[in-house]
Amino acid sequence: MNATLMRRAALGKPRRLNAFQRDLVEGHFLSLEPEARRLRFGSSCKDEAIVEYVRALDFDRDAILGWRDANFVLGGVVHLARVTETLVEFSISVLEQYRGNGYGQRMTREAFEEAAKHGFDRAHVQFIAANYRMAAILDHYHATGEQDGTERIVHVPLPARLSRPLQAPIGPFVPLCFD
């Protein structure tokens, strides 16, 4: 039996992506498994719908942040979509191998900081109520929220302040896995 050791690389610092990196964003979204696509986009998405979505992204108006691993794969993507001069809509996706290690918390915190630096005073986050990971991250912030059926809407004042410390470890190393 041939066992291969695999180490999952840590995700680096956030980088603002531009239209020339559209293929990286598309690759990230296409790499999401069906349930992650449903949670990220609010419904099941076929590959064609994701390709169309990425083609429509406005990299000049919005801030699209990416976190790469050592292999230059986007392990996480945040889309900060400008709604008004002071309101930004926040969405996030994290590849499966990086979930559960605090990266979603870190990306959210860094994205909120980036939005505040650009003059936004509120982040609007709308997600499926079944997305317990997003709910857990946002529950750490001073925010107002409401639930409308299966949708949850949260408004986070920027700069974002924690109401309680983040709990998942934020670390660069994930233990070795056997393949």
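The following paragraphs walk through the fold of a predicted model, from the whole chain down to single residues.

The chain holds five helices and nine strands. Read from the N terminus, its elements follow the order β-β-α-α-α-β-β-β-α-β-α-β-β-β, a helpful string to keep at hand while turning the structure. Of its 179 residues, 42% count as buried. The accessible surface of the chain amounts to about 10,100 Å², and carbon and sulfur atoms account for 52% of that area. Contacts also reach across the sequence: among those between residues at least 6 apart, 62% join residues at least 24 apart.

A good place to begin is the sheet. Seven strands form an open sheet with mixed pairing, and their order across it is β2-β3-β4-β5-β6-β8-β7. The edges are β2 (15–16) and β7 (144–148), each of which pairs on one side only. For β7, strand β8 (residues 151–157) is joined to it by five bridges, and the two run antiparallel. One pair to look for here is E146 with its bridge partner in β8, I153.

Helix α4 can be viewed together with this sheet. The helix lies across β3, β4 (74–82), β5 (87–94), β6 (122–128) and β8, and the angle between α4 and β5 is about 155 degrees. Next comes the largest nonpolar core, which has 42 residues. Helix α4 (residues 103–117) gives the most to this core, with five residues. Inside the core, the residues with the most contacts are V25, V78, L80 and F90. The surroundings of F90 can be followed one by one: beyond residues up to four places away in sequence, F90 touches V78, H79, L80, T108, A111, F112, H124, V125 and M134.

Two of the residues touched by F90, H79 and L80, are also in contact with D62. Residue D62 sits in the loop between α3 and β3 (63–68). Is D62 buried or exposed? With a relative accessible area of 1%, D62 is buried, because buried means under 20%. Its side chain makes polar contacts with two other side chains: that of R61 at 2.7 Å and that of H79 at 2.9 Å. With neighbours within four places in sequence set aside, the contacts of D62 are R16, H79, L80, A81 and R82.

Residue R55 offers a contrast in exposure. This arginine belongs to helix α3 (residues 47–56). Its relative accessible area is 63%, so R55 counts as exposed, the limit being over 50%. Although R55 and A19 are 36 residues apart along the chain, their C-alpha atoms are separated by 9.3 Å.

Residue G12 gives an intermediate case. This glycine is found in the loop between β1 (5–6) and β2. At a relative accessible area of 28%, G12 is partly exposed, because its value falls between the 20% and 50% limits. Setting aside neighbours within four places in sequence, G12 is in contact with W67, R68 and R106. In addition, G12 and G66 are 54 residues apart in sequence, while their C-alpha atoms are 9.1 Å apart in space.

Taken together, these three residues illustrate the range of exposure in the model: D62 is buried, G12 is partly exposed and R55 is exposed.

Methods
Residues are numbered from 1 along each chain as its sequence is written. This is a predicted model: local features need pLDDT of at least 70, side-chain atom pairs count only at pLDDT 80 or more; totals for chains, interfaces and linings use all residues. Side-chain values use heavy atoms; hydrogens and water are left out. Helices (H or I, at least four residues) and strands (E, at least two) are DSSP runs, numbered from the N terminus. Buried means under 20% relative accessible area, exposed over 50%, partly exposed in between (1.4 Å probe, protein chains only). A nonpolar core is a set of buried Ala, Val, Leu, Ile, Met, Phe, Trp, Tyr and Cys residues joined through side-chain atoms within 4.5 Å. Contact means heavy atoms within 4.5 Å. A polar contact is a pair of N or O atoms within 3.5 Å; within protein, one must be able to donate a hydrogen and the other to accept it, and residues adjacent in sequence count only if both atoms are side-chain atoms. Two strands pair if DSSP finds at least two bridges between them. Axes are lines fitted to C-alpha atoms, for helices over the stretch in contact, and angles run from 0 to 180 degrees between N-to-C directions. Accessible areas come from the Shrake-Rupley method with a 1.4 Å probe; for residues, only the protein chains shown count as cover.
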